[in-house]
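Ready for some practice in reading a protein model? Work through each exercise with the structure open beside you, and try it yourself before you read the solution.

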Amino acid sequence: MIKSIDENLEIINNKLADSNAKLVAVTKTKPIKVLEHAYKIGLRRFGENKVQEMVEKYEALPKDIEWHMIGHLQTNKVKYITHFVHLIHSVDSLKLLAEINKQSAKSNRIVNCLLQVFIATEETKFGMDEVELLEILESDELKAMENINIVGLMGMASNTLDTNKIVAEFKNLKALFDILRIKYKTNNIAFTELSMGMSGDFELAIAQGSTMVRVGSALFGDRN
Ligand SMILES: *Cc1c(COP(=O)(O)O)cnc(C)c1O
């Protein structure tokens, strides 16, 4: 089990080698022992999708780990993670952003955020459409937020074997990212990160310009 993680990591790193994409090891549902091993073999970016689980793991593990919140985040739980979270991938409303800003200020931090965009044509997933995205980026409220940085976009492709469809979805997200990158550069907005690609599609994602892949099962095995 542990040995296969080493082998899986080597395979994934080889696939990422020609890109600049960073690996976020998705550790959700995995026990602390597995995360300790991941740390031992050099991984420093861990992705979790539940607040309580992420807090418990943060408290148990070395403090030079970057914690990435990749799951849907409820406003009332923001306060439990803002003192340590490195990047929140799943921001999907101005209300959530305002709460992240408010709670980050209490611990004197500036928390990095990605806006999650709905790109899948096949099924309902969390995320905003372009209209909602632009509403946030144009809002006066955002301009006044001093304790957040918007650093890019996150998206999840359809869960399908249709490679053409996945590639088209990633292409759309990259095109949107490139437009926003040029158009929005302010005190708290700079589009540098494009979080796209998971175990089943990260190679397609890096070919389309992903800067950050979120890989769980291909690294740690299936989740129960
Ligand atoms: C679970 C999860 C992943 C990782 O999924 P795998 O298919 O196991 O790599 C990536 N992104 C998000 C948002 C997730 O919830």
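## Exercise 1: A serine in a loop

Ser-199 lies in the loop between β7 (189–196) and α8 (202–207). Helices (H or I, at least four residues) and strands (E, at least two) are DSSP runs, numbered from the N terminus. A word on the model before we begin: it is predicted, so local features need pLDDT of at least 70 and side-chain atom pairs count only at pLDDT 80 or more, while totals for chains, interfaces and linings use all residues. Residues are numbered from 1 along each chain as its sequence is written, and side-chain values use heavy atoms, with hydrogens and water left out.

**Task.** Find how accessible Ser-199 is and which residues it contacts beyond its neighbours within four places in sequence.

**Solution.**
Step 1. The relative accessible area of Ser-199 is 22%, so this residue is partly exposed. The scale is: buried under 20% relative accessible area, exposed over 50%, partly exposed in between (1.4 Å probe, protein chains only).
Step 2. Contact means heavy atoms within 4.5 Å. Setting aside neighbours within four places, Ser-199 contacts Arg-214, Val-215, Gly-216, Ser-217 and Ala-218.
Step 3. For a contrast, pick Ala-60: its C-alpha atom is 26 Å from that of Ser-199, and 139 residues separate the two along the chain.

## Exercise 2: A strand and its partners

**Task.** Work out with which strands β1 pairs, and in what sense.

**Solution.**
Step 1. Two strands pair if DSSP finds at least two bridges between them.
Step 2. Four bridges link β1 to strand β8 (residues 212–215) in the parallel sense. Look for Ala-25, which stands opposite Val-215 in β8.
Step 3. Strand β2 (residues 45–48) also runs parallel to β1, joined by two bridges. Here Val-26 faces Gly-47 in β2.
Step 4. Now check the surroundings: β1 (residues 22–26) is largely enclosed by the rest of the structure, because four of its five residues are buried.
Step 5. Follow the chain into the loop between β1 and α2, where you meet Thr-29. Its phi is positive, near 70°, though Thr-29 is not a glycine.

## Exercise 3: The nonpolar core

**Task.** Which residues touch the most other members of the largest nonpolar core?

**Solution.**
Step 1. A nonpolar core is a set of buried Ala, Val, Leu, Ile, Met, Phe, Trp, Tyr and Cys residues joined through side-chain atoms within 4.5 Å.
Step 2. The largest core has 64 residues, and Ile-81, Leu-137 and Leu-153 touch the most other members. Its biggest contribution, six residues, comes from helix α7 (residues 163–183).
Step 3. Zoom in on Leu-153. Beyond four places in sequence, its contacts include Leu-173, Leu-176, Phe-177 and Leu-180.
Step 4. Now turn to Ile-179, which also belongs to α7. At 53% relative accessible area, Ile-179 is exposed.

## Exercise 4: A pocket

**Task.** Describe the lining of the second largest pocket: which element gives the largest share, and how many residues are nonpolar, polar and charged?

**Solution.**
Step 1. On a 1 Å grid over the protein atoms alone, a pocket is an open set of points where a 1.4 Å probe fits, with protein on both sides within 12 Å along at least five of seven lines; lining residues have an atom within 4 Å of a point.
Step 2. This pocket has a volume of about 150 Å³, where volume is the space filled by probe spheres set on grid points joined across faces, edges and corners.
Step 3. Helix α7 supplies the largest share of the lining, five residues. Both β5 (111–118) and α7 give two or more residues.
Step 4. Among the lining residues are Val-117, Phe-118, Glu-130, Glu-169 and Asn-172. Sorted by kind, the lining has six nonpolar, two polar and two charged residues. In this count, Ala, Val, Leu, Ile, Met, Phe, Trp, Tyr, Cys and Pro are nonpolar, Asp, Glu, Lys and Arg charged, and the others, Gly among them, polar.

## Exercise 5: Two residues in one loop

**Task.** Decide whether Asn-108 is buried or exposed, then place Ile-110 on that scale.

**Solution.**
Step 1. Asn-108 sits in the loop between α4 and β5, and Ile-110 lies in the loop between α4 (94–106) and β5.
Step 2. With a relative accessible area of 72%, Asn-108 is exposed. Its phi is positive, about 60°, although Asn-108 is not a glycine.
Step 3. Ile-110 counts as partly exposed, at 47% relative accessibility. Beyond four places in sequence, Ile-110 touches Glu-146, Asn-147, Ile-148 and Asn-149.
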